[in-house]
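Student: Please take one part of this model and go through it closely. I would like to see how its pieces are paired and what packs against them.

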Amino acid sequence: MTEIEIRDDRAAGRLEAVSAGEVVGRIEYFVLESPARALVPVHTIVEPAHEGKGIAGSLARELYAIAEREGVPVAPLCPYVVNWAERHPEVAPPADPELLSAAEDWLRAHPDRF
């Protein structure tokens with residue numbers, strides 16, 4: 001398998017997995033500012049030709065690593081990231097219900113964002 005590079009395009013709200021110069025997977029997210037700062041993943045997408053290679057899991061792991069480095073929590077709305085976090089509690093602490101509720105409110109208020 002070709003090496004995968006993961007890069008954070010914060011301005012676009014995408015954590016991207018890149019292989020041979022091609023984006024083969026991504027987590028689309030936003031940064032919640034209130035009631036506290038948090039990373040909020042909304043969608044995880046892996047191109048069909050690259051499914052089953054652990055790309056989605058690598059993206060989720062890196063999202064939590066970024067959050068840890070920045071000292072902010074993750075409030076996942078993406079079903080894949082929610083399930084991944086449940087399987088990896090050692091690196092993905094449970095989300096604060098208040099942050100999840102605020103993230104859902106933000107998403108409803110910005111229907112064209114995702």
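Tutor: The UniProt record, an unreviewed entry, lists residues 7–96 as "domain: N-acetyltransferase". In this predicted model, that stretch is 28% helix and 32% strand, and its end C-alpha atoms lie 26 Å apart.

The part to look at is the sheet. It is an open sheet of 4 strands in the order 1-2-3-4, with antiparallel pairing. Strand 1 (5–9) and strand 4 (38–46) are at the edges with a single partner strand each, so each has one side without a neighbour in the sheet. From one strand to the next, the twist averages 25°. As background, the strands of a sheet pair through backbone hydrogen bonds, in either a parallel or an antiparallel way.

Strand 2 makes a convenient centre for the description. Covering residues 14–19, strand 2 pairs with strand 1 in the antiparallel sense over 5 bridges. One of the residue pairs can be named: Glu-5 has Val-18 of strand 2 as its bridge partner. The connection between strand 1 and strand 2 is a hairpin with 4 residues between the strands. In that turn, Gly-13 has a positive phi of about 70°.

Towards strand 3, strand 2 is joined by 6 bridges, and the two strands run antiparallel. Here Ala-17 stands opposite Gly-25 of strand 3. Strand 2 and strand 3 also form a hairpin, with 2 residues between them. Ala-20, in this turn, has a positive phi of about 50°.

How much of strand 2 is buried? With buried meaning under 20% relative accessible area, 5 of its 6 residues are buried, so strand 2 is largely enclosed by the rest of the structure.

That leaves the helices that meet the sheet. Helix 1 (residues 55–70) lies across strand 1, strand 2, strand 3 (22–32) and strand 4. The direction of helix 1 is at about 165° to strand 4. Helix 3 (residues 97–109) also packs on the sheet, where it touches strand 3 and strand 4. The directions of helix 3 and strand 3 make an angle of about 105°.

Methods
Residues are numbered from 1 along each chain as its sequence is written. This is a predicted model: local features need pLDDT of at least 70, side-chain atom pairs count only at pLDDT 80 or more; totals for chains, interfaces and linings use all residues. Side-chain values use heavy atoms; hydrogens and water are left out. UniProt positions are given in the numbering used here, feature names are shortened, and annotations may be inferred rather than shown by experiment. Two strands pair if DSSP finds at least two bridges between them. Axes are lines fitted to C-alpha atoms, for helices over the stretch in contact, and angles run from 0 to 180 degrees between N-to-C directions. Contact means heavy atoms within 4.5 Å. Buried means under 20% relative accessible area, exposed over 50%, partly exposed in between (1.4 Å probe, protein chains only).
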